[in-house]
Structures are given as C-alpha cells and as structure tokens.
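Okay, thanks for squeezing me in. Let me put the structure up, and then I'll walk you through how its parts pack together.

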Amino acid sequence: MRLGEVLVKRGIITDKELAKALDAQLIFGAHLGTCLIELGYIDEESLGNLLGETFKVRYATRELLQKIPDHVVKSLTKSVVEKHQAIPFDLKEKVLHVAMVNPRHLPSLDELSFVSGCRIEAWVAPEVRIVQAMERYYDVPRRLRYIHLANQLDEEQKPRKEAGKASSPKKAAMAVMKAQAAATQAGPRIGRADRAVREADTEERSEIWPADGRLGRAKGPSTAPKRQEGLAGVSEELCRADDGARIAKVALNHAARGMARCILFEVKAGVAAIRDSRGLNLDPDRVRNIRFPITSDSILGLLCGERFYRGPVPDEPRCRAFLDALGGTTPSEILIIPLYREDRIAAFLYGDTGETGRIQGETEEYLKLVRMVALAIDLVILKKKIHSA
C-alpha cells in the first residue's frame, strides 16, 4: 500500500488533502512525504516512523545522520549515493547500514552491496534528511527548497528539545506551546512558496523557459567544432543554442532516434502545452490546442514522484484522454520524464513506440538528455542577461 493510501486509511489526512499533496508533488517534484511535511499534514518524526512501518525497516533519525565517520562515508562513492539517494551511516562486521528514500528497491540494494563489498542493512529516512546528508558528506548540492525546509524543521525541534530538558511540567508545557505556536505561524510551507511563485512578476522569476529570439552574434568565419554522435554531439549543440526553440529541436532530434513519437511539453502557469514534437501527425491548429493542467488527474499522475515513468499505458480515463488528444493510438510503451527548474516543473519529455515495438535506448540516456536540456535553458538565460547588461 502506498504512503498516501496509508495516511488516508488511518485518518491522518483526507482524500482532498492527499490530492493536494499529489498535485504539489507534480508541480514542485520530490517525494510525497516532503510535500506532506511542507503542507503541514504530518511532522518529520511521524513521517519517519510511518515510512519505517510501511517499508518494514528501521527509521534512521536525523541524529543518526549527523556525525557519520569518515571510513563509513568512503564506503560508497558520490555517484552511487546520488543515484540511489542512499547514505551509509554505520559499518560493523561487513554490514553497511544505509539510510534510503526507498529501502526496498532491489536494484539499488544490489549495486550498493557490489560497490561497498558489504551486506546492506537498509533503513528509511525522509527525503529532506537524505539530501541534507548528501550535501554534507558528498558535496551534492541541494535545491533551495530542501535547505529552507530542513532549517525550518531544525528550528521547530529546538523548543521540543527544551521541553524534554525542562525541570518542571509547567516549563515543559510552555516549551511545547511555543513549538505549536511557531508551527501554526509558519503555516503550510509549500502554500507560501506557491503564492510567491504566482505573484512573482519579474523577468528573473517568471522566465523558466527561454523565449525565442536568437542572440546577436559577430559576423565571421564559422568556428563550430566537427559534429559528434550521441549525447556528446547533443551537448555540443545545446551549448551553442541561443533560444528555447533550438534547445527543443536538438533534444527531440536525438530522442526521435529511439521513439516513434516524441514531444517536449512546456509548462507555464500550471498548464502544459506542446513546445515541439517529432512523429506527431496532426493538424498544426489541433497541436496548438493540446493543453492540460498539471495535476495528478492528468497522465503525469503516472510519475507518482518518481524520476520517470516507462512502461505500458494503464487503461485509465486520464491516459485515454491524453492519447485521444494525440490522435487516439494506444502505444505499447511510453516514457515520461519531468524537467524541474527553480523548484517547479518547467517541461517534460513524452515519447512512445506507436502500436507495436519498444522504445530504443536505456532510460538513463533519456534522463541525462533531459538534465542537459535543463542546463541548456539555464545557459541561454544567463547568456541573454550578459548580452543585455
């Protein structure tokens, strides 16, 4: 049973609150537990204990991840830790204790065991603490969202610690009341962030996808390097891109090698629209009218907080509506990869096979392609700011 279903079944949150958390997860990314904490629906300790119960593993508290010995940190490489969101925190008799976001993912456990040469004892920890430890011990930078959330959680824990150390019941009660007042005043964290995003009207905040219109260039002989194949060639072309249209073209030209149809959707004001496509044989006016809100009731609900969805199309109304808009054909396999910038979804890549066949290429290659697109967007925006300075 999924985390959200457990919370609803136990009466901790309502169906409406779960739907709100799932929508927030699509817009802002991250694990569902992170969104639930931000919305104020559950506290860190309760989430950790519930995750441990759900996965049937032990809960690695914040304290366990604060002072990890160097020899334990060195048992796993930075790339492996980042890939699997796994933090080693104890090593005894060739048993490596690891805190993870998903402690039941067997491929991850196998790779962790292979790399470390140890038997893995998997624990679970909230995502906010995993990424905090990844930055502290492995220099993996956190998104600003996680920094703010971890700082808030730490501040809220201080009065509770004071309550535990209080010398009288009266002092303890005062400390607890102080903590509750602070939490009430803070309110739903993601709500404040969402309002800030919607109210922002500066070019810096609103431009999460570069506008079309090429930069001015000095005339002269071409110095472009010889074209390379594969992602190496894509990276060279993306580095030379001057606007969003060129970025989309480069990315889809590469993705189309392994897909019958591929589409790059751009997200603005919570609505997805087609930026560019390959293999989509529809009238241009119909393509312009394909729009849908970013909610868990759309096909993006298949992501459920994961980095991607790759597999068959479920026979669900949200999927049928999406495919009907694309022409009605039900493909044998689809791939969806979201692209996040500035702590919210900016675009996503959709691809499929047509009625038969499989998508060619490893998922990791497409994930890397989307990461490169995100970096290219940052680069174009930066170049435009430099050019206009």
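Quick definition before anything else: when I say salt bridge, I mean a side-chain nitrogen of Lys or Arg within 4 Å of a carboxyl oxygen of Asp or Glu. And keep in mind that this is a predicted model.

So, how many salt bridges does the structure hold? The count comes out at 24. The one I'd like to show you joins Glu53 and Arg10, and its closest N and O atoms are 2.2 Å apart. Those two come from distant parts of the chain, 43 residues apart. Glu53 belongs to helix α4, residues 44–55, while Arg10 is in the loop between α1 (3–9) and α2 (15–28). As background, side chains of opposite charge can pair when their charged atoms come close.

Okay, on to the sheets. Let's take the one with 3 strands.

This is an open sheet, ordered β1-β2-β3, and its pairing is mixed. At the edges you have β1, residues 86–92, and β3, residues 119–124, and each of those pairs on one side only. Neighbouring strands here are turned against each other by 25° on average, ignoring direction. Zooming in on β1 and β2, with β2 covering residues 95–100, the two run antiparallel and are joined by 6 bridges. If you want a spot to click on, try Asp90, which sits opposite His97 in β2. Then there's a helix on this sheet: α8, residues 127–138, packs there and touches β1 and β2. The direction of α8 makes about 70° with that of β1.

Now the other sheet I want to cover. This one is open too, with 6 strands in the order β6-β5-β4-β9-β8-β7 and antiparallel pairing. Its edge strands are β6 (291–293) and β7 (309–311), each pairing on one side only. From one strand to the next, the twist averages 20°.

Let me go through some of the pairs. Strands β8, residues 334–341, and β9, residues 344–352, run antiparallel with 8 bridges between them. Within that pair, Ile336 has Tyr350 in β9 as its bridge partner. Helix α17 packs on this sheet, touching β7, β8 and β9, and its direction is at about 30° to that of β8. Hold on to α17, we'll come back to that helix in a second.

Over at β4 (residues 261–268) and β5 (residues 271–278), 7 bridges join the antiparallel strands. Val267 is opposite Ala272 in β5 there. For the torsion people: this hairpin of β4 and β5 has 2 residues between the strands, and Ala269 takes a positive phi near 50°. Next along, β5 pairs with β6 in the antiparallel sense over 3 bridges, and Ala273 has Arg291 in β6 as its bridge partner.

Right, back to helices: α13, α14 and α17.

Start with α14, residues 244–255, and α17, residues 363–388. Their axes come within 10 Å and cross at roughly 170°. Since over 145 degrees counts as roughly antiparallel, α14 and α17 are therefore roughly antiparallel to each other. What meets what in there? On the α14 side it's Ile247, Ala251, His254 and Ala255, and the α17 residues they meet include Tyr366, Leu369, Val373 and Ile377. The residues of that contact divide into 9 nonpolar, 1 polar and 1 charged.

Now α13, residues 230–240, against α17. Here the angle is about 15° and the axes are 9 Å apart. That makes α13 roughly parallel to α17. The crossing of α13 past α17 is right-handed. Residues of α13 in the contact include Leu231, Val234 and Leu238, and those of α17 include Lys368, Met372 and Lys383. This contact divides into 9 nonpolar, 1 polar and 4 charged residues.

And then there's α13 against α14. The axes come within 10 Å and cross at roughly 170°, and α13 and α14 are therefore roughly antiparallel to each other. From α13 we have Gly230, Leu231, Val234, Glu237 and Leu238, meeting Arg246, Ile247, Val250 and His254 in α14. The split for that contact is 5 nonpolar, 2 polar and 2 charged.

To tie it up: α17 packs on the sheet through β7, β8 and β9, and α17 also meets α14 and α13. That's what I've got, happy to rotate things if anyone wants a look.

Technical notes
Residues are numbered from 1 along each chain as its sequence is written. This is a predicted model: local features need pLDDT of at least 70, side-chain atom pairs count only at pLDDT 80 or more; totals for chains, interfaces and linings use all residues. Side-chain values use heavy atoms; hydrogens and water are left out. Two strands pair if DSSP finds at least two bridges between them. Helices (H or I, at least four residues) and strands (E, at least two) are DSSP runs, numbered from the N terminus. Axes are lines fitted to C-alpha atoms, for helices over the stretch in contact, and angles run from 0 to 180 degrees between N-to-C directions. Contact means heavy atoms within 4.5 Å. Angles under 35 degrees count as roughly parallel, over 145 as roughly antiparallel, 65 to 115 as roughly perpendicular and the rest as oblique. Ala, Val, Leu, Ile, Met, Phe, Trp, Tyr, Cys and Pro count as nonpolar, Asp, Glu, Lys and Arg as charged, and the others, Gly among them, as polar. A crossing is left-handed if the near helix is turned anticlockwise from the far one by less than a right angle, and right-handed if clockwise.
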